[in-house]
Amino acid sequence: MTVLLVEDDRAIADAVIEGLRANDYDVKHVVLASEAIAKVRAGGVTTVILDLGLPDMDGTEVCRLIRSFSHVPIIVVSARETELDRVTVLDMGADDYVVKPFGIKELVARIHAVMRRATGSVAPITHIEVGSLVIDTKTRTVSVNEKSVALTPKEFDLLAYLAREPGTAFRRADILRDVWETTWYGTTKTLDAHVASIRKKLGDPKWVESVRGVGFTVRSVS
Ligand code: CA
């Protein structure tokens, strides 16, 4: 699940990012309202956490704009408690709100609640399809053109990680942090070896493309 955090206060943003990542959320962070709207438009965002006081636009306006094209759950965050009565929040199209300062536990609980209301459940995505590539994270099985592919546990984790957002170029450092849980750059050779092995097993190197200077992306091979 990808949470888009729209917050211009660096200290608050850092704390929220760290707290949400510790709770297994994928977090994207932007500072400007315009970036937030672009990210939601681009897709893949499952919840928006929106600060009301932003440099380029008032959060209430951002809320209304997002609502004009998306049903993504929005949790409004503000220090301005007086503004945040339930009626105002619902009126601007948000699903819930938290008042600063707030704890991560509270925020995570709110995210769960809005996700549950939005999707009817908070079950994680277990079925990933990228063209003829099918990944089931529950049974940890992979198939291409309905032919099963045997991956090692780490190869599986890496492929599932990349395939959750097809076309997204993942940075090497992020992959190492999220899949290997290390920031030691020496492991980058390990990453290359795993990618090489996955390509071989999937039968076409184009499934996992190298993005020069960045890292890797999974794309549908037609
Ligand atoms: Ca602010």
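The exercises below, each with a worked solution, concern a predicted model of a protein chain.

**Exercise 1. Overall form**

Task: Describe the chain as a whole, and state how its radius of gyration stands against the globule rule.

Solution.
- Step 1. Count the elements: the chain has 8 helices and 12 strands.
- Step 2. Compare the radius of gyration with the rule. The value is 19 Å, close to the 17 Å given by the globule rule for 222 residues, so the chain is as compact as a globular protein of that length.
- Step 3. Take the dimensions along the principal axes: the C-alpha atoms fill a box of roughly 60 × 35 × 30 Å.
- Step 4. Look at the domains. The domain assignment gives domain 1 (2-119) and domain 2 (127-218), and 30 Å separate their centres, taken over C-alpha atoms.
- Step 5. Add burial and contacts. Of the 222 residues, 43% count as buried. Among contacts with a separation of 6 or more, 52% are between residues 24 or more positions apart.
- Step 6. Turn to the surface: about 11,700 Å² is exposed, and carbon and sulfur atoms supply 53% of it.

**Exercise 2. The sheet that holds β7**

Task: Work out the strand order of the open sheet with 4 strands, and say which strands stand at the edges.

Solution.
- Step 1. Pair β7 (residues 133-136) with β8 (residues 141-144): the two are antiparallel, with 4 bridges. Ile135 stands opposite Val142 in β8.
- Step 2. Pair β8 with β9 (residues 147-149), again antiparallel, over 3 bridges. Ser143 has Ser148 in β9 as its bridge partner, and Val144 stands opposite Lys147.
- Step 3. Write the order: β6-β7-β8-β9, with antiparallel pairing.
- Step 4. Read off the edges. β6 (127-130) and β9 each have a single partner strand, so one side of each is left without a neighbour in the sheet.
- Step 5. Add the twist: neighbouring strands are turned by 25° against each other on average, direction ignored.
- Step 6. Place the helix. α6 lies across β6, β7 and β8, and runs at about 110° to β7.

**Exercise 3. Backbone exceptions**

Task: Find where Arg140, Asn145, Asp24 and Glu181 have a positive phi, and which residues a cis peptide bond joins.

Solution.
- Step 1. Recall the background: most residues other than glycine have a negative phi, and most peptide bonds are trans.
- Step 2. Examine the hairpin of β7 and β8. It has 4 residues between the strands, and Arg140 in the turn has a positive phi of about 55°.
- Step 3. Examine the hairpin of β8 and β9. Here 2 residues lie between the strands, and Asn145 in the turn has a positive phi of about 50°. Asn145 counts as exposed, at 58% relative accessibility.
- Step 4. Go to the loop between α1 (10-22) and β2 (26-30), which holds Asp24. Its phi is near 70°. With a relative accessibility of 71%, Asp24 is exposed.
- Step 5. Note Glu181, just after α7, with a positive phi of about 55°.
- Step 6. Locate the cis bond: it joins Lys100 and Pro101, with omega about -5°. Pro101 lies in the loop between β5 (96-99) and α5 (104-119).

**Exercise 4. Helix α7 and the sheet with β10**

Task: List the buried residues of α7, name the elements they pack against, and describe the sheet of 3 strands.

Solution.
- Step 1. In α7 (residues 172-180), the buried residues are Arg172, Asp174, Ile175, Leu176, Val179 and Trp180.
- Step 2. These residues pack against α6 (153-163), β10 (170-171), α8 (188-202) and β12 (215-218).
- Step 3. The open sheet has the order β10-β12-β11, with antiparallel pairing. β10 and β11 (208-211) stand at the edges with a single partner strand each, so one side of each lacks a neighbour in the sheet.
- Step 4. Between β10 and β12 there are 2 bridges, and Phe170 stands opposite Phe216 in β12.
- Step 5. α8 packs on this sheet, touching β11 and β12, and its direction makes about 145° with that of β11.

**Exercise 5. Thr47**

Task: Decide whether Thr47 is buried or exposed, and name what it touches.

Solution.
- Step 1. Place the residue: Thr47 is in strand β3 (residues 47-51).
- Step 2. Apply the cut-off. Buried means under 20% relative accessible area; Thr47 has 0%, so it is buried.
- Step 3. List its contacts, leaving out residues up to four places away in sequence: Thr2, Val3, Leu4, Val72, Pro73, Ile75, Ile111, Val114 and Met115.

Methods
Residues numbered from 1 in each chain as written. Predicted model: local features only at pLDDT ≥ 70, side-chain atom pairs only at ≥ 80, totals over all residues. Heavy atoms only, no water. Buried < 20%, exposed > 50% of the residue type's maximum accessible area, 1.4 Å probe, protein only. Contact = heavy atoms within 4.5 Å. Pairing = 2+ DSSP bridges. Axes fitted to C-alpha atoms, helices over the stretch in contact; angles between N-to-C directions. Domains from an automatic or database assignment. Rg over C-alpha atoms; globule rule 2.2 N^0.38 Å. Areas by Shrake-Rupley, 256 points an atom, 1.4 Å probe, with all protein chains shown as cover.
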